[in-house]
Amino acid sequence: MKFYPDGKVPEQPHLYFIYGAGGTGKTSLLKQFKGKKLLITFDNSYEVVRGREDIDVLSIEPKDFKTLKDNLSIEIMERIKDGKYQVLCLDNATALQNIALDNIFNQYKDNRNNYQDLQIWFRRIGTYLRQCGLTVYVTAHQDKPNELGEVMPQMNFATFYAFTATFDFVGHIYKKDNEFWIDCDPEKKNHGKNRIDNRTSMKAEDLLNTKTKEKEEVEKHD
């Protein structure tokens, strides 16, 4: 346990979770982040970063699937321990969930226990990412909209919340009028949140522009 007296909690790099339909540029958003980046892909989706000298790619192959649940955090730790990277990307959480669930499946007679194990594991991964010292960017596929048009990541609902509990930003990326937008407004019931600044919606290209409304008002009057 770590104890921080008098609210002296150290600043930490931000954790971002973006989900959306195929072709909305989720993986491409990684290019916005500054510094050397490690992209860990669980579905071989790395074409958009080809030729980028600031991005290293670790592609998880089928032969790795059986041991991934036990080895993922160890593998990440080994890759980042030398301080080479400033940003870690997991692409994508939907595929990661399916691989992890396959590791767990039939471990218990009651299938509810299988999903409980999955939720606990994702919570541990989320906590590890919070403590790894890097900016973290995670993607996920979008599930089908419900009858009200609301969307959520293509993940087990409880698992998604267990995983993203430590994240600063959760947003839904979509295309409108030939532009890509990110919605993080929790009132729209798209399961978004933004603990970084005051924005509830933004163009995808402005994801990392963290100006608050207060700062913008100050700049207007300067």
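Me: Which residues touch the most other members of the largest nonpolar core?

Reply: In this predicted model, F17, I40, F42, L129, V138 and F163 do so, within a core of 40 residues. Elements that each supply at least two residues of this core include β1, β2, β4 (87–91), α3 (111–131) and β5 (135–141). The largest share, seven residues, comes from α2.

Me: What makes a set of residues such as this a nonpolar core?

Reply: The set must consist of buried residues of the listed nonpolar kinds, joined through side-chain atoms within 4.5 Å. In soluble globular proteins, nonpolar side chains tend to be buried together.

Me: With which residues is V138 in contact, leaving aside its neighbours within four places in sequence?

Reply: V138 is in contact with Y16, F17, I18, L90, A93, L129, F163 and F167. I18 is included in a second, separate core of 19 residues, as are L29, I55 and A204.

Me: Why is K26 said to have no salt bridge?

Reply: A salt bridge requires a side-chain nitrogen of Lys or Arg within 4 Å of a carboxyl oxygen of Asp or Glu. The nearest side chain of opposite charge to K26, D91, is 6.7 Å away, so the criterion is not met, although K26 is buried.

Me: What makes the approach of K26 to the backbone oxygen of G20 a polar contact?

Reply: The cut-off for such a pair of N or O atoms is 3.5 Å, and the side chain of K26 reaches this oxygen at 3.2 Å. Likewise, a polar atom of the K26 side chain lies 3.0 Å from the backbone oxygen of A21.

Me: Where does K26 lie?

Reply: K26 lies in the loop between β1 (15–20) and β2 (37–41). Beyond its neighbours within four places in sequence, its contacts include Y137, T139, H141 and I173.

Technical notes: Residues are numbered from 1 along each chain as its sequence is written. This is a predicted model: local features need pLDDT of at least 70, side-chain atom pairs count only at pLDDT 80 or more; totals for chains, interfaces and linings use all residues. Side-chain values use heavy atoms; hydrogens and water are left out. Helices (H or I, at least four residues) and strands (E, at least two) are DSSP runs, numbered from the N terminus. Buried means under 20% relative accessible area, exposed over 50%, partly exposed in between (1.4 Å probe, protein chains only). Lys and Arg count as positive and Asp and Glu as negative; His and the chain ends are not counted. A polar contact is a pair of N or O atoms within 3.5 Å; within protein, one must be able to donate a hydrogen and the other to accept it, and residues adjacent in sequence count only if both atoms are side-chain atoms. Contact means heavy atoms within 4.5 Å.
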